[in-house]
Amino acid sequence: MNAASFILKGDLCDSLDRERLRTVPDGYLVCLDGLCAGAFSVLPEEYHALPVIDCSGKLILPGLTDLHVHAPQYAFRGLGMDQELMEWLAANVFPEEARYADLAYARRAYRDFTQALTRSATTRACVFATVHRPATELLMDLLEESGLVAFVGKVNMDRDCPDDLRETTDGSVAETRRWLEETAGKYKRVRPILTPRFIPSCTDPLLDELGAMAAMTGLSVQSHLSENRGEVECVRRLRPDTAFYGDAYDRHGLFGSHGRAIMAHCVLSSDEEIARIRERGVYVAHCPQSNTNLASGVAPVRRYWDEGLNLGLGSDVAGGSSLSILRAMADAVQVSKLRWRLQDDSLRPLTVPEAFWMGTAGGGSFFGRVGLFRPGYEFDAVVLDDSRLTAPRPLTVAQRLERAVYLSEDRDVVRKFVQGREVSLPS
Ligand SMILES: [Zn+2]
(Lines give C-alpha, C1' and ligand atoms only; values in the text may rest on other atoms or scores of the structure.)
Protein backbone atom coordinates (compact mmCIF):
# COMPACT_ATOMS: atom_id res chain seq x y z
CA MET A 1 0.00 0.00 0.00
CA ASN A 2 3.00 2.34 -0.02
CA ALA A 3 2.97 5.00 -2.70
CA ALA A 4 5.50 3.93 -5.24
CA SER A 5 6.83 4.82 -8.66
CA PHE A 6 5.58 2.71 -11.52
CA ILE A 7 3.93 2.79 -14.91
CA LEU A 8 0.42 1.69 -15.82
CA LYS A 9 0.19 0.56 -19.44
CA GLY A 10 -3.18 0.47 -21.19
CA ASP A 11 -5.81 2.55 -22.99
CA LEU A 12 -5.81 5.87 -21.14
CA CYS A 13 -8.72 8.29 -21.04
CA ASP A 14 -9.11 11.53 -19.08
CA SER A 15 -10.39 15.04 -19.90
CA LEU A 16 -8.48 17.32 -22.26
CA ASP A 17 -10.69 20.18 -21.07
CA ARG A 18 -14.28 20.51 -19.80
CA GLU A 19 -15.76 19.61 -23.21
CA ARG A 20 -13.32 17.09 -24.67
CA LEU A 21 -11.84 13.75 -23.80
CA ARG A 22 -8.16 12.99 -24.21
CA THR A 23 -7.35 9.42 -25.12
CA VAL A 24 -3.99 7.67 -25.35
CA PRO A 25 -4.42 4.19 -26.83
CA ASP A 26 -1.84 1.71 -25.54
CA GLY A 27 -0.27 4.49 -23.54
CA TYR A 28 1.91 4.84 -20.45
CA LEU A 29 0.68 6.50 -17.28
CA VAL A 30 3.58 7.36 -15.02
CA CYS A 31 3.32 7.50 -11.21
CA LEU A 32 6.22 9.03 -9.25
CA ASP A 33 5.89 8.78 -5.47
CA GLY A 34 2.11 8.96 -5.56
CA LEU A 35 1.88 11.76 -8.09
CA CYS A 36 1.11 11.60 -11.79
CA ALA A 37 4.05 12.49 -14.03
CA GLY A 38 1.97 12.41 -17.19
CA ALA A 39 0.32 10.21 -19.83
CA PHE A 40 2.47 9.29 -22.84
CA SER A 41 2.04 7.40 -26.08
CA VAL A 42 5.82 6.86 -26.20
CA LEU A 43 7.51 6.33 -22.85
CA PRO A 44 10.15 9.03 -22.21
CA GLU A 45 13.66 7.72 -21.71
CA GLU A 46 13.87 8.93 -18.09
CA TYR A 47 11.13 6.48 -17.00
CA HIS A 48 12.49 3.37 -18.69
CA ALA A 49 13.76 1.87 -15.43
CA LEU A 50 10.35 2.00 -13.68
CA PRO A 51 8.34 -1.20 -13.25
CA VAL A 52 5.43 -1.56 -15.67
CA ILE A 53 2.02 -2.85 -14.62
CA ASP A 54 0.69 -4.18 -17.87
CA CYS A 55 -3.04 -3.56 -18.30
CA SER A 56 -2.94 -3.65 -22.09
CA GLY A 57 -6.37 -3.75 -23.71
CA LYS A 58 -8.06 -2.32 -20.63
CA LEU A 59 -9.41 1.17 -20.05
CA ILE A 60 -7.55 3.29 -17.52
CA LEU A 61 -9.53 6.25 -16.14
CA PRO A 62 -8.92 8.80 -13.38
CA GLY A 63 -10.55 7.70 -10.11
CA LEU A 64 -14.12 8.93 -9.75
CA THR A 65 -15.38 11.24 -7.02
CA ASP A 66 -18.74 10.82 -5.29
CA LEU A 67 -19.42 14.30 -3.95
CA HIS A 68 -22.53 13.33 -1.96
CA VAL A 69 -23.40 9.99 -0.37
CA HIS A 70 -25.06 8.81 2.87
CA ALA A 71 -23.25 5.75 4.30
CA PRO A 72 -26.06 4.65 6.67
CA GLN A 73 -28.59 4.71 3.85
CA TYR A 74 -26.73 2.09 1.82
CA ALA A 75 -28.54 -0.49 3.98
CA PHE A 76 -31.90 0.33 2.37
CA ARG A 77 -30.80 1.25 -1.15
CA GLY A 78 -33.47 0.47 -3.71
CA LEU A 79 -36.26 0.44 -1.13
CA GLY A 80 -39.03 2.94 -0.39
CA MET A 81 -38.72 4.82 -3.66
CA ASP A 82 -42.38 5.84 -3.98
CA GLN A 83 -42.29 8.94 -1.82
CA GLU A 84 -41.07 12.49 -2.06
CA LEU A 85 -38.26 13.80 0.09
CA MET A 86 -39.94 14.86 3.34
CA GLU A 87 -42.20 11.78 3.58
CA TRP A 88 -39.31 9.54 2.54
CA LEU A 89 -37.07 10.95 5.28
CA ALA A 90 -39.71 10.27 7.93
CA ALA A 91 -40.69 6.81 6.66
CA ASN A 92 -37.30 5.38 5.62
CA VAL A 93 -34.29 7.47 6.50
CA PHE A 94 -34.86 8.43 10.12
CA PRO A 95 -35.88 4.96 11.37
CA GLU A 96 -32.81 3.45 9.68
CA GLU A 97 -30.40 6.12 10.90
CA ALA A 98 -31.67 5.65 14.51
CA ARG A 99 -30.19 2.11 14.40
CA TYR A 100 -26.65 3.50 14.27
CA ALA A 101 -26.80 4.15 18.00
CA ASP A 102 -26.03 0.42 18.10
CA LEU A 103 -22.34 0.05 17.22
CA ALA A 104 -22.67 -3.62 16.30
CA TYR A 105 -25.34 -2.75 13.74
CA ALA A 106 -23.26 0.17 12.49
CA ARG A 107 -20.25 -2.11 12.08
CA ARG A 108 -22.16 -4.55 9.87
CA ALA A 109 -23.77 -1.83 7.79
CA TYR A 110 -20.70 0.37 7.40
CA ARG A 111 -18.57 -2.62 6.46
CA ASP A 112 -21.01 -3.36 3.63
CA PHE A 113 -20.96 0.27 2.53
CA THR A 114 -17.17 0.54 2.62
CA GLN A 115 -16.73 -2.70 0.69
CA ALA A 116 -19.19 -1.60 -1.98
CA LEU A 117 -17.53 1.80 -2.35
CA THR A 118 -14.11 0.13 -2.55
CA ARG A 119 -15.38 -2.30 -5.20
CA SER A 120 -16.72 0.57 -7.35
CA ALA A 121 -14.77 2.94 -9.61
CA THR A 122 -14.96 5.64 -6.93
CA THR A 123 -11.69 6.65 -5.28
CA ARG A 124 -12.88 9.71 -3.31
CA ALA A 125 -16.12 10.50 -1.54
CA CYS A 126 -17.84 13.08 0.66
CA VAL A 127 -19.86 11.03 3.10
CA PHE A 128 -22.68 11.73 5.55
CA ALA A 129 -22.75 9.46 8.61
CA THR A 130 -25.49 9.88 11.27
CA VAL A 131 -25.76 11.99 14.43
CA HIS A 132 -23.95 9.26 16.39
CA ARG A 133 -20.33 10.11 17.17
CA PRO A 134 -19.04 6.57 17.93
CA ALA A 135 -20.54 5.13 14.73
CA THR A 136 -19.17 8.06 12.73
CA GLU A 137 -15.67 7.36 14.07
CA LEU A 138 -16.11 3.68 13.21
CA LEU A 139 -17.02 4.63 9.64
CA MET A 140 -13.90 6.82 9.44
CA ASP A 141 -11.76 3.89 10.68
CA LEU A 142 -13.22 1.58 8.01
CA LEU A 143 -12.77 4.08 5.19
CA GLU A 144 -9.18 4.77 6.26
CA GLU A 145 -8.45 1.03 6.19
CA SER A 146 -9.94 0.76 2.70
CA GLY A 147 -7.34 3.05 1.18
CA LEU A 148 -9.93 5.42 -0.29
CA VAL A 149 -9.82 9.16 0.41
CA ALA A 150 -12.90 10.61 2.08
CA PHE A 151 -14.45 13.49 3.94
CA VAL A 152 -16.84 12.14 6.56
CA GLY A 153 -19.39 14.13 8.54
CA LYS A 154 -21.09 13.49 11.84
CA VAL A 155 -24.60 14.78 11.12
CA ASN A 156 -26.13 17.56 13.24
CA MET A 157 -29.91 17.60 13.89
CA ASP A 158 -31.63 19.35 16.79
CA ARG A 159 -35.16 19.76 15.51
CA ASP A 160 -37.93 18.25 13.39
CA CYS A 161 -36.87 14.63 13.58
CA PRO A 162 -37.87 11.67 15.77
CA ASP A 163 -36.93 11.78 19.48
CA ASP A 164 -34.42 8.96 19.13
CA LEU A 165 -32.39 10.96 16.59
CA ARG A 166 -32.89 14.50 17.82
CA GLU A 167 -29.93 16.02 19.62
CA THR A 168 -30.17 18.90 22.05
CA THR A 169 -28.42 21.97 20.70
CA ASP A 170 -25.74 21.79 23.40
CA GLY A 171 -25.41 18.04 22.98
CA SER A 172 -24.95 18.35 19.22
CA VAL A 173 -22.24 20.98 19.65
CA ALA A 174 -20.47 19.05 22.42
CA GLU A 175 -20.48 15.78 20.47
CA THR A 176 -19.21 17.52 17.33
CA ARG A 177 -16.35 19.08 19.30
CA ARG A 178 -15.50 15.74 20.89
CA TRP A 179 -15.63 14.03 17.46
CA LEU A 180 -13.20 16.59 16.04
CA GLU A 181 -10.86 16.20 19.01
CA GLU A 182 -10.91 12.40 18.89
CA THR A 183 -10.22 12.20 15.18
CA ALA A 184 -7.70 15.06 14.92
CA GLY A 185 -4.51 13.78 13.28
CA LYS A 186 -5.72 10.17 13.47
CA TYR A 187 -6.00 9.45 9.75
CA LYS A 188 -3.93 9.83 6.60
CA ARG A 189 -6.77 9.74 4.08
CA VAL A 190 -9.97 10.52 5.96
CA ARG A 191 -10.90 13.98 7.13
CA PRO A 192 -13.89 15.44 8.99
CA ILE A 193 -16.37 17.78 7.36
CA LEU A 194 -19.07 19.76 9.20
CA THR A 195 -22.48 18.31 8.32
CA PRO A 196 -25.66 20.12 9.35
CA ARG A 197 -28.23 17.81 7.74
CA PHE A 198 -30.26 20.64 6.23
CA ILE A 199 -31.99 23.78 7.40
CA PRO A 200 -35.25 22.04 8.48
CA SER A 201 -33.40 19.92 11.05
CA CYS A 202 -31.07 22.59 12.50
CA THR A 203 -31.98 25.50 14.81
CA ASP A 204 -30.35 28.91 14.44
CA PRO A 205 -28.24 28.54 17.62
CA LEU A 206 -26.87 25.21 16.35
CA LEU A 207 -26.02 26.73 12.96
CA ASP A 208 -24.32 29.65 14.74
CA GLU A 209 -22.13 27.24 16.68
CA LEU A 210 -21.24 25.24 13.57
CA GLY A 211 -20.45 28.46 11.70
CA ALA A 212 -18.14 29.48 14.56
CA MET A 213 -16.41 26.09 14.31
CA ALA A 214 -15.98 26.53 10.56
CA ALA A 215 -14.49 29.98 11.13
CA MET A 216 -12.11 28.70 13.78
CA THR A 217 -10.99 25.47 12.11
CA GLY A 218 -11.41 26.22 8.39
CA LEU A 219 -13.23 22.90 8.08
CA SER A 220 -15.38 22.38 5.00
CA VAL A 221 -19.15 22.03 5.19
CA GLN A 222 -21.56 19.69 3.39
CA SER A 223 -25.34 19.89 3.32
CA HIS A 224 -28.45 19.92 1.13
CA LEU A 225 -29.93 22.83 -0.80
CA SER A 226 -33.12 23.51 -2.76
CA GLU A 227 -33.75 19.85 -3.49
CA ASN A 228 -37.50 19.33 -3.41
CA ARG A 229 -40.58 21.53 -3.37
CA GLY A 230 -41.85 20.39 0.05
CA GLU A 231 -38.44 21.05 1.58
CA VAL A 232 -38.05 24.50 0.02
CA GLU A 233 -41.54 25.42 1.33
CA CYS A 234 -40.58 24.20 4.78
CA VAL A 235 -37.43 26.37 4.80
CA ARG A 236 -39.46 29.38 3.69
CA ARG A 237 -41.78 28.85 6.67
CA LEU A 238 -38.99 28.18 9.15
CA ARG A 239 -36.68 30.99 8.05
CA PRO A 240 -38.75 34.04 7.03
CA ASP A 241 -35.68 36.13 7.91
CA THR A 242 -33.73 34.83 4.91
CA ALA A 243 -33.81 35.97 1.28
CA PHE A 244 -33.59 32.42 -0.10
CA TYR A 245 -32.70 28.93 1.13
CA GLY A 246 -28.92 29.21 0.68
CA ASP A 247 -28.97 32.53 2.52
CA ALA A 248 -29.98 30.55 5.63
CA TYR A 249 -26.59 28.77 5.55
CA ASP A 250 -24.71 31.90 4.54
CA ARG A 251 -25.99 33.91 7.51
CA HIS A 252 -24.27 31.42 9.80
CA GLY A 253 -20.99 31.28 7.84
CA LEU A 254 -21.74 27.84 6.40
CA PHE A 255 -21.84 28.71 2.70
CA GLY A 256 -18.21 28.81 1.68
CA SER A 257 -17.21 31.98 3.49
CA HIS A 258 -14.86 30.10 5.89
CA GLY A 259 -14.08 26.55 4.80
CA ARG A 260 -15.38 25.35 1.48
CA ALA A 261 -18.94 24.11 1.09
CA ILE A 262 -20.67 21.39 -0.91
CA MET A 263 -24.40 21.73 -1.41
CA ALA A 264 -26.22 18.72 -2.82
CA HIS A 265 -28.94 19.10 -5.45
CA CYS A 266 -29.71 22.80 -6.19
CA VAL A 267 -32.67 21.66 -8.30
CA LEU A 268 -34.86 24.66 -7.42
CA SER A 269 -32.30 27.40 -6.82
CA SER A 270 -33.39 30.95 -7.60
CA ASP A 271 -31.30 33.43 -9.61
CA GLU A 272 -30.22 35.07 -6.35
CA GLU A 273 -29.22 31.76 -4.86
CA ILE A 274 -27.21 30.79 -7.94
CA ALA A 275 -25.43 34.15 -7.82
CA ARG A 276 -24.51 33.51 -4.17
CA ILE A 277 -23.31 29.98 -4.96
CA ARG A 278 -20.99 31.44 -7.62
CA GLU A 279 -19.80 34.28 -5.40
CA ARG A 280 -18.89 31.90 -2.55
CA GLY A 281 -17.38 29.19 -4.77
CA VAL A 282 -19.82 26.64 -3.33
CA TYR A 283 -19.65 23.19 -4.94
CA VAL A 284 -22.90 21.89 -6.40
CA ALA A 285 -23.21 18.10 -6.04
CA HIS A 286 -25.53 17.08 -8.86
CA CYS A 287 -27.40 13.88 -7.94
CA PRO A 288 -29.58 13.04 -10.96
CA GLN A 289 -30.73 9.59 -9.89
CA SER A 290 -31.86 10.77 -6.47
CA ASN A 291 -33.64 13.76 -8.01
CA THR A 292 -35.55 11.34 -10.23
CA ASN A 293 -36.40 8.81 -7.50
CA LEU A 294 -37.68 11.43 -5.09
CA ALA A 295 -39.50 13.36 -7.84
CA SER A 296 -37.45 16.46 -7.03
CA GLY A 297 -37.00 17.50 -10.66
CA VAL A 298 -33.98 18.15 -12.85
CA ALA A 299 -31.31 20.64 -11.78
CA PRO A 300 -30.41 23.23 -14.45
CA VAL A 301 -26.89 21.85 -14.71
CA ARG A 302 -26.22 23.27 -18.17
CA ARG A 303 -26.72 26.72 -16.66
CA TYR A 304 -24.38 25.93 -13.77
CA TRP A 305 -21.87 24.62 -16.30
CA ASP A 306 -22.10 27.73 -18.48
CA GLU A 307 -21.77 30.00 -15.45
CA GLY A 308 -18.64 28.14 -14.38
CA LEU A 309 -19.89 26.94 -10.99
CA ASN A 310 -17.93 24.26 -9.17
CA LEU A 311 -19.74 21.07 -10.16
CA GLY A 312 -19.45 17.40 -9.34
CA LEU A 313 -21.64 14.31 -9.25
CA GLY A 314 -23.14 12.53 -6.26
CA SER A 315 -24.79 9.14 -5.95
CA ASP A 316 -26.83 10.39 -2.96
CA VAL A 317 -27.44 6.82 -1.88
CA ALA A 318 -30.13 6.04 -0.85
CA GLY A 319 -32.09 8.77 -2.64
CA GLY A 320 -30.08 7.30 -5.48
CA SER A 321 -30.15 3.52 -5.44
CA SER A 322 -26.78 3.01 -7.17
CA LEU A 323 -23.34 3.93 -5.78
CA SER A 324 -21.89 4.05 -9.29
CA ILE A 325 -20.57 7.41 -10.45
CA LEU A 326 -20.35 6.02 -14.00
CA ARG A 327 -24.09 5.46 -13.71
CA ALA A 328 -24.43 9.03 -12.35
CA MET A 329 -22.70 10.32 -15.51
CA ALA A 330 -25.22 8.53 -17.73
CA ASP A 331 -28.10 9.73 -15.52
CA ALA A 332 -26.82 13.32 -15.70
CA VAL A 333 -26.86 13.20 -19.50
CA GLN A 334 -30.28 11.56 -19.62
CA VAL A 335 -32.07 13.89 -17.19
CA SER A 336 -30.54 16.92 -18.94
CA LYS A 337 -32.22 15.70 -22.14
CA LEU A 338 -35.58 15.48 -20.36
CA ARG A 339 -35.18 18.97 -18.96
CA TRP A 340 -34.23 20.29 -22.40
CA ARG A 341 -37.14 18.53 -24.13
CA LEU A 342 -39.86 19.03 -21.53
CA GLN A 343 -38.99 22.05 -19.46
CA ASP A 344 -36.49 24.48 -20.93
CA ASP A 345 -35.13 24.17 -24.47
CA SER A 346 -32.60 26.96 -23.84
CA LEU A 347 -30.49 24.53 -21.77
CA ARG A 348 -28.71 22.13 -24.12
CA PRO A 349 -28.35 18.54 -22.91
CA LEU A 350 -25.05 17.56 -21.34
CA THR A 351 -22.66 15.40 -23.33
CA VAL A 352 -20.84 12.30 -22.12
CA PRO A 353 -17.44 14.09 -22.05
CA GLU A 354 -18.99 16.86 -19.92
CA ALA A 355 -20.57 14.38 -17.47
CA PHE A 356 -17.26 12.48 -17.38
CA TRP A 357 -15.47 15.70 -16.46
CA MET A 358 -17.95 16.29 -13.61
CA GLY A 359 -17.40 12.81 -12.18
CA THR A 360 -13.59 13.04 -12.41
CA ALA A 361 -11.94 16.49 -12.57
CA GLY A 362 -15.01 18.47 -11.41
CA GLY A 363 -15.70 16.61 -8.17
CA GLY A 364 -12.03 15.72 -7.80
CA SER A 365 -11.04 19.38 -7.55
CA PHE A 366 -12.74 19.52 -4.13
CA PHE A 367 -9.86 17.29 -2.97
CA GLY A 368 -7.13 19.35 -4.66
CA ARG A 369 -5.26 18.36 -7.82
CA VAL A 370 -7.32 15.26 -8.46
CA GLY A 371 -9.19 13.75 -11.40
CA LEU A 372 -6.82 14.28 -14.36
CA PHE A 373 -3.74 12.49 -15.68
CA ARG A 374 -1.64 15.65 -15.59
CA PRO A 375 1.80 16.14 -14.07
CA GLY A 376 1.50 17.01 -10.39
CA TYR A 377 -1.97 15.53 -9.95
CA GLU A 378 -2.48 12.89 -7.28
CA PHE A 379 -2.28 9.48 -8.88
CA ASP A 380 -5.81 8.07 -8.68
CA ALA A 381 -6.55 5.57 -11.45
CA VAL A 382 -9.12 2.89 -12.16
CA VAL A 383 -8.53 0.00 -14.54
CA LEU A 384 -11.71 -1.21 -16.25
CA ASP A 385 -11.85 -4.48 -18.14
CA ASP A 386 -14.50 -3.72 -20.75
CA SER A 387 -13.99 -6.94 -22.72
CA ARG A 388 -17.42 -8.11 -21.49
CA LEU A 389 -18.92 -5.35 -23.68
CA THR A 390 -18.23 -7.12 -26.95
CA ALA A 391 -18.35 -5.47 -30.37
CA PRO A 392 -17.97 -7.01 -33.85
CA ARG A 393 -15.69 -4.17 -34.94
CA PRO A 394 -12.92 -2.20 -33.25
CA LEU A 395 -14.03 0.77 -31.14
CA THR A 396 -11.98 3.83 -30.28
CA VAL A 397 -11.00 4.46 -26.68
CA ALA A 398 -13.55 7.32 -26.56
CA GLN A 399 -16.31 4.98 -27.77
CA ARG A 400 -15.32 2.39 -25.20
CA LEU A 401 -15.43 5.06 -22.49
CA GLU A 402 -18.93 6.04 -23.60
CA ARG A 403 -20.07 2.43 -23.39
CA ALA A 404 -18.46 2.06 -19.99
CA VAL A 405 -20.45 5.08 -18.79
CA TYR A 406 -23.70 3.48 -19.87
CA LEU A 407 -22.99 -0.21 -19.38
CA SER A 408 -20.09 -1.04 -17.09
CA GLU A 409 -20.55 -2.58 -13.66
CA ASP A 410 -18.42 -2.72 -10.54
CA ARG A 411 -17.21 -6.20 -11.52
CA ASP A 412 -15.44 -4.60 -14.50
CA VAL A 413 -13.11 -2.69 -12.14
CA VAL A 414 -10.01 -4.89 -11.98
CA ARG A 415 -7.46 -2.62 -10.30
CA LYS A 416 -7.64 0.65 -8.48
CA PHE A 417 -4.97 3.10 -7.32
CA VAL A 418 -5.38 5.99 -4.89
CA GLN A 419 -2.55 8.46 -4.29
CA GLY A 420 -0.28 5.96 -6.03
CA ARG A 421 -1.19 3.06 -3.71
CA GLU A 422 -3.04 0.03 -5.01
CA VAL A 423 -6.31 -0.55 -3.20
CA SER A 424 -7.22 -4.18 -2.60
CA LEU A 425 -10.61 -4.83 -4.14
CA PRO A 426 -13.06 -6.91 -2.09
CA SER A 427 -14.15 -10.04 -3.95
ZN1 LIG B 1 -28.38 13.65 0.53
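**Notebook: strands, a zinc site and two pockets**

I began with strand E2 and strand E3 (residues 35-40), which pair in the antiparallel sense over 5 bridges. The model I am reading is a predicted one, and I keep that in mind for every entry below.

**Entry 1, the hairpins.** Within the E2 and E3 pairing I looked up one particular bridge, and found that Val30 has Gly38 in E3 as its partner. The hairpin that these two strands make has 2 residues between the strands, and in it Asp33 takes a positive phi near 50°. I then turned to the other neighbour of E2 (residues 21-32), which is strand E1 (residues 6-15), and noted that the two pair in the antiparallel sense over 9 bridges. In that pairing Gly10 stands opposite Gly27 of E2, and I noted that E1 and E2 also form a hairpin, here with 5 residues between them.

**Entry 2, the whole sheet.** Next I followed the strands outwards and wrote down an open sheet of 7 strands with mixed pairing, in the order E3-E2-E1-E4-E15-E16-E17. Which strands stand at the edges? They are E3 and strand E17 (421-422), and because each has a single partner strand, one side of each is left without a neighbour in the sheet. Further along the order I checked strand E15 (residues 381-384) and strand E16 (residues 413-418), which run antiparallel and are joined by 4 bridges. One bridge that I picked out there sets Leu384 against Val413 in E16. As a reminder to myself, strands of a sheet pair through backbone hydrogen bonds, either parallel or antiparallel.

**Entry 3, the zinc ion.** Which residues are the protein donors of the zinc ion? I listed His68, His70 and His224, each through NE2, together with Asp316 through OD, and they lie 2.1 to 2.4 Å from the ion. Along the sequence the spacing of these donor residues reads H-x1-H-x153-H-x91-D. His68 belongs to strand E5 (residues 64-70) and His224 to strand E11 (residues 221-225), so this pair ties together parts that are 156 residues apart in sequence. I also looked up whether His68 and His224 are buried or exposed, and both turned out to be buried. Why is the arrangement of the 4 donor atoms irregular? The angles they subtend around the zinc ion run from 87 to 172°, whereas four donors count as tetrahedral if all angles lie between 85 and 135 degrees.

**Entry 4, the largest pocket.** I then moved to the pockets, and recorded about 190 Å³ of space in the largest one. Its lining has 10 residues, and those closest to the centre are Thr114, Gln115, Thr118, Glu145 and Ser146. The elements that give two or more residues to this lining are helix H2 (103-119) and helix H3 (133-146), with H2 supplying the largest share, 4 residues. Sorted by class, the lining of the largest pocket holds 3 nonpolar, 5 polar and 2 charged residues.

**Entry 5, the second largest pocket.** Here I recorded about 160 Å³ of space. How many residues line the second largest pocket? I noted 14, of which Val232, Arg236, Ala243, Phe244 and Tyr245 lie nearest its centre. Helix H6 (residues 229-238) gives the most to this lining, with 3 residues. By class, the lining of the second largest pocket divides into 7 nonpolar, 4 polar and 3 charged residues.

Notes. Residues numbered from 1 in each chain as written. Predicted model: local features only at pLDDT ≥ 70, side-chain atom pairs only at ≥ 80, totals over all residues. Heavy atoms only, no water. Donors = N, O, S within 2.8 Å, 3.2 Å for Na, K, Ca; no water. Tetrahedral: all angles 85-135°; square planar, octahedral: opposite > 155°, others 65-115°. Buried < 20%, exposed > 50% of the residue type's maximum accessible area, 1.4 Å probe, protein only. 1 Å grid on protein atoms, 1.4 Å probe; cavity = no way out; pocket = protein on both sides within 12 Å on 5 of 7 lines; lining within 4 Å. Points joined across faces, edges and corners; volume = space filled by probe spheres on them. Nonpolar A, V, L, I, M, F, W, Y, C, P; charged D, E, K, R; others polar. Pairing = 2+ DSSP bridges.
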